[in-house]
Structures are given as C-alpha cells and as structure tokens.
Amino acid sequence: MLFDIRTIVGALLGSYGVILIITGLVHDTAAEEAKTGGININIWSGIGMAAVALAFLVWVLLRPVVPPNPEPPIAEEDSSAEV
C-alpha cells in the first residue's frame with residue numbers, strides 16, 4: 001500500500017470536525033452566540049470540516065494511487081562469445 005497524504009488530511013479534518021460538532025452541541029452559551037451574531041459557529045465549522053474530510057476520503061477511494069510497473073531489465077548481449 002502506498003502512502004497517500006489525502007488519507008491523513010481527511011482523517012485529521014474529520015476528527016477536528018467531529019470535535020467541533022460535539023463542542024457546538026454541548027457548550028453552546030448565549031455569550032458565545034452573541035460574539036458570532038447568533039450563529040453557533042462550532043457546529044457550522046464542524047459540519048464544513050466533516051464535509052471536506054468526506055470529500056478527501058471519497059477522492060482516495062475513487063482515484064487510488066497506483067504504483068508504476070517496473071520495467072524488466074534489458075539483457076545485454078555477450079559480444080565475446082561471437083568472436
């Protein structure tokens with residue numbers, strides 16, 4: 001299996017997104033909503049991060065990295081045998 005950075009980025013964004021969604025659901029105070037104009041920014045940014053993470057992981061599944069086929073070694077002709 002080849003190393004693919006898209007998997008790492010998708011996993012990190014997904015974990016941060018889940019953390020933000022949980023934080024938005026558990027720790028939603030009126031003081032925080034007043035700072036953001038009445039929007040629960042933790043939930044919305046968590047949903048956005050989770051959506052981008054899902055896009056990265058779908059991208060990995062739809063277009064996997066394929067290793068190049070190694071070329072077979074070319075056999076050298078022995079010129080001393082023909083003399």
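Select Ile-19 to begin, and you will find yourself in helix α1, which covers residues 5-26. Keep in mind throughout the tour that the model on your screen is a predicted one.

With Ile-19 still highlighted, add Phe-3, Ile-5, Ile-8, Leu-12 and Tyr-16 to the selection, and show the surface, because together with Ile-19 these residues make a nonpolar surface patch of about 650 Å².

Now zoom out until the whole protein chain is in view, and colour it by secondary structure. The chain contains three helices and zero strands, and anyone who follows it along the sequence will read the pattern α-α-α. Of its 83 residues, 14% count as buried. If you display the accessible surface of the whole chain, you are looking at about 6900 Å², and carbon and sulfur atoms account for 70% of that area. Should you draw the contacts between residues at least 6 apart in sequence, 70% of them will join residues at least 24 apart.

Return next to helix α1 and select Ile-22, which lies in that helix. Is Ile-22 buried, partly exposed or exposed? Its relative accessibility is 47%, so Ile-22 counts as partly exposed. From here, add Ile-43 and draw a distance between the two C-alpha atoms: although these residues stand 21 places apart along the chain, the separation between their C-alpha atoms is 7.7 Å.

Then select Asn-42, a residue of helix α3, which takes in residues 41-62. Asn-42 has a relative accessibility of 18%, which is under 20%, and therefore it counts as buried. Which residues is Asn-42 in contact with, once its neighbours within four places in sequence are left aside? Show the side chains around it, and you will find Leu-20, Ile-21, Thr-23, Gly-24 and Glu-32 in contact with Asn-42.

For the last stop, select Asp-4 and Arg-6 and display their side chains as sticks. Side chains of opposite charge can pair when their charged atoms come close. Here the side chains of Asp-4 and Arg-6 meet in a salt bridge, with 2.7 Å from N to O, and the structure holds one salt bridge. Are the two partners buried or exposed? Asp-4 counts as buried because its relative accessibility is 14%, and Arg-6, at 10% relative accessibility, likewise counts as buried.

Definitions and conventions
Residues numbered from 1 in each chain as written. Predicted model: local features only at pLDDT ≥ 70, side-chain atom pairs only at ≥ 80, totals over all residues. Heavy atoms only, no water. Salt bridge = Lys/Arg side-chain N within 4 Å of Asp/Glu carboxyl O. Buried < 20%, exposed > 50% of the residue type's maximum accessible area, 1.4 Å probe, protein only. Helix = DSSP H or I, 4+ residues; strand = E, 2+ residues; numbered from the N terminus. Contact = heavy atoms within 4.5 Å. Patch = residues over 30% accessible without salt bridge, like charges linked within 9 Å, V, L, I, M, F, W, Y side chains within 5 Å. Areas by Shrake-Rupley, 256 points an atom, 1.4 Å probe, with all protein chains shown as cover.
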